[in-house]
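Student: Could you take me through one part of this structure up close? I'd like to see how a single strand sits among its neighbours.

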Amino acid sequence: MPIGIDASAVSRAVRTGTETYAVEIVRQLASIANPGEIRVYLNSETDGADLAPGHDVRRIPFPRLWTHGRLSAESFRDAPSMLFVPAHVIPAKHPPSVVTIHDLAFTIHPELFSRAERVTLEAATRWNVRSAEKIIAV
């Protein structure tokens, strides 16, 4: 069974360090894995064509609630052996998962974030920590 990777960060118009990390780690993992060992999930029809040559790239566009809706359903319907989430949140229904938590700036400098951003980041981080088999902290 392949390892699934949430590559939804690829479709963001503006890439920050988090999105760049996600794109590059997917590329590097795909370059060292045997063909077919990786399944890349994208939420866009057009982006990521060259992201993982020789691997299963699944474009599953969905305008809202992509992670907890479409990615969750896809992970349940045709589950990979593991799901790696390099730059987002683990879906509601998921196989064993590994997640990257990039920072906790919203707790150290709350004044830099709106209340809505803080609530969202707090909830997502707590969910990731509770749901992940392994956590990568950078």
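Tutor: Here is a walk around strand E2, then out to the parts beside it.

First, some ground rules: this is a predicted model, where local features need pLDDT of at least 70, side-chain atom pairs count only at pLDDT 80 or more, and totals for chains, interfaces and linings use all residues. Residues are numbered from 1 along each chain as its sequence is written, and side-chain values use heavy atoms, with hydrogens and water left out.

Strand E2 covers residues 38-42. Helices (H or I, at least four residues) and strands (E, at least two) are DSSP runs, numbered from the N terminus. How many of the residues of E2 are buried? The count is 5 of 5, where buried means under 20% relative accessible area, exposed over 50%, and partly exposed in between (1.4 Å probe, protein chains only). Both faces of E2 are covered, with Ile38, Val40 and Leu42 on one side and Arg39 and Tyr41 on the other.

Now for the strands beside it. E1 (3-6) runs parallel to E2, and 4 bridges join them; two strands pair if DSSP finds at least two bridges between them. E3 (56-59) also pairs with E2 in the parallel sense, over 4 bridges. Tyr41 is a handy landmark here: Asp6 stands opposite Tyr41, and in E3 the bridge partner of Tyr41 is Arg58. Add helix H1 (17-32), and E1, H1 and E2 make a right-handed β-α-β unit. Right-handed is meant in this sense: with the strands pointing away from the viewer, the path from the first strand over the helix to the second runs clockwise.

Next, the packing. Ile38, Val40 and Leu42 are among the residues that touch the most other members of the largest nonpolar core, which has 14 residues. A nonpolar core is a set of buried Ala, Val, Leu, Ile, Met, Phe, Trp, Tyr and Cys residues joined through side-chain atoms within 4.5 Å. H1 and E2 each supply at least two residues of this core. Tyr41 belongs to a second, separate core of 10 residues, which also includes Ile60, Leu83 and Val85. Back in the largest core, Leu51 is another of the residues touching the most other members. Setting aside neighbours within four places in sequence, Leu51 is in contact (heavy atoms within 4.5 Å) with Val40 and Leu42 of the strand, and its other partners include Ala7, Val10, Val23 and Val26.

Helix H2 (residues 66-77) has Trp66, Thr67, Leu71, Ser72, Glu74 and Ser75 buried. Seen down the axis of H2, these buried residues fall within an arc of 165°, so they line one face of the helix; the arc is that of the directions from the helix axis to the C-beta atoms. What covers them includes E1, E2, E3 and strand E4 (82-85). On the other side of H2, Phe76 and Arg77 are exposed.

Leading into H2, the loop after E3 holds Leu65. Leu65 counts as exposed because its relative accessibility is 68%. Leu65 also has a positive phi of about 55°, although it is not a glycine. Most residues other than glycine have a negative phi.

Finally, look at Ser8, in the loop between E1 and H1. Is Ser8 buried or exposed? Ser8 counts as buried because its relative accessibility is 5%. The side chain of Ser8 makes a polar contact of 2.7 Å with the side chain of Asp6. A polar contact is a pair of N or O atoms within 3.5 Å; within protein, one must be able to donate a hydrogen and the other to accept it, and residues adjacent in sequence count only if both atoms are side-chain atoms. Beyond four places in sequence, Ser8 is in contact with Tyr41, Asn43, Trp66 and His88.
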